[in-house]
Amino acid sequence: MRGRGVRGGPDTDERYVEEALAVVDDSGGRGRPGEARSARPAEQRHDPEQHDRDLEEALALVRDLGPRDGRSDPRTPGTGPRTPRHSGARDGGQDGPAASSAASSEHHPGHQATPWPEARAVAARAARSVRRRDPIDVPLDAALGLVLAGPLTALTDLPSFNTSAMDGWAVAGPGPWDVREEGVLAGHTEPAPLEDGEALRIATGARIPPDTTAVLRSEHGRTDDKGRLHAALPPALGSDRTGGTPTVAHGQDIRPRGQECHAGDQLLPPGALITPAVLGLAAAAGYDTLSVWPRPRVEVLVLGDELLTEGPPRDGLIRDALGPMLPPWLRALGAEVVAVRRLGDDAEALHRAVTSSTADMVVTTGGTAGGPVDHVHPTLRRMGAELLVDGVEVRPGHPMLLARTRDDQHLVGLPGNPLAAVSGLLTLAEPLLRGLTGRVAPEQYTLPLKGSTHGHPYDTRLVPVTVRADHAVPLHYNGPAMLRGIAAADALAVVPPGGAQPGQELELLDLPWVWAQ
Ligand SMILES: Nc1nc2c(c(=O)[nH]1)N[C@H]1C(S)=C(S)[C@@H](COP(=O)(O)OP(=O)(O)OC[C@H]3O[C@@H](n4cnc5c(N)ncnc54)[C@H](O)[C@@H]3O)O[C@H]1N2
Ligand code: MOO
């Protein structure tokens with residue numbers, strides 16, 4: 001997505017994006033100012049979620065100001081809504097929440113949430129503490145989205161023989177040429193050497209006969225009534241060094257053996273992500289299987305008695321949005337989702353599920369806050385798990401957590417609000433999985449913001465954006481409980497505390513749809 005221009009053609013992508021933006025653009029201004037806003041029905045212009053968000057920000061302002069401002073911090077353990085941290089959280093060592101920056105604790109006395117960039121770093125480091133499973137060999141058709149465990153080394157020269165780049169004639173020496181009766185096609189054995197003044201009909205990809213000097217394209221040659229071949233080059237191509245007769249340049253349209261690589265050359269480094277193009281390259285270079293890091297095994301535990309798995313929401317019950325969303329997203333991030341289990345709000349079932357899981361990573365959804373049926377913290381405490389991250393200075397999603405449940409197992413607790421869960425996925429699960437899968441971290445990049453976007457007073461905000469003409473356009477419907485913005489988004493913009501002004505460069509987190517399968 002880096003450096004991307006306006007997407008697609010005017011009739012398809014463009015129109016879709018226009019329509020989507022008309023309802024979700026949050027930039028406060030567009031390419032054609034006012035158009036999208038005026039196109040919105042009145043009730044959408046009122047934007048109840050904006051109101052909610054403003055309220056949330058206003059509340060955050062009130063809630064988060066510490067004693068220095070003469071107000072209390074209700075999130076302080078014992079007085080606020082957040083769960084008291086267990087001792088593991090305080091003594092978390094290098095990776096623990098205690099590693100939060102001094103600046104942050106100045107703003108939030110007694111509050112141990114981890115700053116957003118640090119939370120990502122902790123998750124990446126946590127992966128390094130786990131002994132990697134051994135690489136495995138997989139057939140090419142099972143390798144998409146995995147990571148090379150070793151370098152991709154050419155098993156052969158490419159091309160592996162001198163080959164014709166065009167349909168036409170292989171010729172030797174200057175023309176005119178006598179044309180041999182039998183031509184040569186791709187896949188045929190090597191033809192006999194050409195004599196000077198001789199030509200042979202040849203197809204693209206066919207082997208070049210020894211002593212060929214050039215290939216003359218079929219549209220650049222004509223045969224006379226005696227069957228002799230003459231070059232009929234367009235003036236721009238024909239050199240005239242022989243006194244008036246255009247000639248074909250030496251080596252023209254021949255791909256020499258080893259032009260792309262020689263056997264033993266490194267084509268890609270270890271850690272490269274296997275894309276469709278890499279599969280093609282590997283096949284061309286002679287591979288049937290690839291040595292890859294196995295996908296980390298992930299189990300998803302969906303918590304909440306209020307969740308339906310089919311039909312419209314009814315009687316205060318809602319549809320489970322995370323059960324369908326997380327597995328393909330986790331797979332796109334390199335995981336193998338071994339199970340998705342719906343556990344309701346049953347503390348015992350959660351304890352049993354986590355303690356008996358053999359997965360490398362357990363992802364829970366919901367139950368991270370301090371409500372009466374929020375069982376994630378108590379379960380981790382009961383297990384003696386080590387909390388590495390217990391709350392993050394990010395909106396949405398601040399109750400997210402990361403725990404080491406065993407030497408070789410981590411648990412990522414995603415908040416139940418669906419966009420908060422996405423935030424947790426990209427903040428904690430993505431760096432952890434990147435480490436476990438051996439993927440190289442994508443280069444950070446920024447784009448200028450179109451319009452402005454408000455920020456949280458102290459916390460980072462992750463805001464769904466679409467990318468238009470190399471600008472990040474913030475989208476509406478970005479409240480913690482909403483998926484409408486992210487469903488139309490290309491990326492999440494990282495909005496620093498205090499918000500961002502028009503034109504301000506913002507870091508973007510790409511969405512990994514390109515790897516989904
Ligand atoms: N007193 C306080 N209450 C809450 C706070 C707080 O600081 N003090 N934080 C709020 C924030 S922010 C978030 S985010 C949520 C996190 O809560 P939980 O992780 O405990 O999640 P739940 O309470 O189980 O659910 C929250 C919300 O999301 C809905 N949900 C849950 N699972 C799903 C799903 N699979 N698909 C769709 N929607 C789901 C659930 O019904 C709730 O509406 O806590 C706030 N509360
Ligand atoms: O702000 Mo919560 O963290 O709704 O997602």
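Modeller: Let's start with a definition: two strands pair if DSSP finds at least two bridges between them. Also, keep in mind that this is a predicted model.

Colleague: Got it. How many bridges join strand S19 to S23, and do they run parallel or antiparallel?

Modeller: Take S19 as residues 361-365 and S23 as residues 409-414. One spot to look at is Thr365, which stands opposite Leu414 in S23. Going by the definition, two bridges would already be enough for a pair. Here the strands are joined by five bridges, and they run parallel.

Colleague: And in which sense do S22 and S23 pair?

Modeller: S22 covers residues 401-406, and five bridges link it to S23. For a landmark, find Leu401, which sits opposite Gly413 in S23. The two strands form a hairpin with two residues between them. Their pairing sense is antiparallel.

Colleague: Why is S23 largely enclosed by the rest of the structure?

Modeller: To call a residue buried, we want 20 or more other C-beta atoms within 10 Å of its own. S23 has six residues, and it is largely enclosed because the number of them that are buried is five.

Colleague: Let's zoom out. What percentage of the residues in the protein chain are buried?

Modeller: The chain holds 13 helices and 28 strands. Of its contacts with a separation of 6 or more, 68% are between residues 24 or more positions apart. As for burial, out of 517 residues the buried share is 40%.

Colleague: Which strands are the edge strands of the open sheet with the order S2-S14-S3?

Modeller: This is a sheet of three strands with antiparallel pairing. S14 (residues 289-293) is joined to S3 by two bridges, and Val292 in S14 is the bridge partner of Leu148. An edge strand here pairs on one side only, and that fits S2 (136-139) and S3 (147-148).

Colleague: What surrounds ligand 2, and how many of those residues are charged?

Modeller: The surrounding residues include Arg395, Pro396, His398, Asn417 and Pro480. By type, the shell splits into five nonpolar and three polar residues, and the number of charged ones is one.

Colleague: Pro396 is in that shell. Is its peptide bond from Arg395 cis or trans?

Modeller: Pro396 sits in the loop between strand S21 (392-395) and S22. Another proline to look at is Pro159, in the loop between S4 (152-153) and S5 (163-164), where the bond from Leu158 is cis. For the bond from Arg395 to Pro396, omega is near -10°, and the bond is cis.

Colleague: Is Asp211 buried, exposed or partly exposed?

Modeller: Look in the loop between S8 (198-202) and S9 (214-217). Asp211 has a positive phi of about 70° although it is not a glycine. Buried needs 20 or more C-beta neighbours, while exposed means 12 or fewer. With 14 other C-beta atoms within 10 Å, Asp211 is partly exposed.

Colleague: Last one: what is the phi of Asp470?

Modeller: Asp470 lies in the loop between S25 (460-468) and S26 (471-474). It has 13 C-beta neighbours inside 10 Å, so it counts as partly exposed. Although Asp470 is not a glycine, its phi is positive, at about 60°.

Notes: Residues are numbered from 1 along each chain as its sequence is written. Chains are lettered from A and ligands numbered from 1 in the order in which they are written. This is a predicted model: local features need pLDDT of at least 70, side-chain atom pairs count only at pLDDT 80 or more; totals for chains, interfaces and linings use all residues. Helices (H or I, at least four residues) and strands (E, at least two) are DSSP runs, numbered from the N terminus. A residue is near a molecule or strand if its C-beta atom, placed from the backbone, lies within 6 Å of it. Ala, Val, Leu, Ile, Met, Phe, Trp, Tyr, Cys and Pro count as nonpolar, Asp, Glu, Lys and Arg as charged, and the others, Gly among them, as polar. Two residues are in contact if their C-beta atoms, placed from the backbone, lie within 7 Å.
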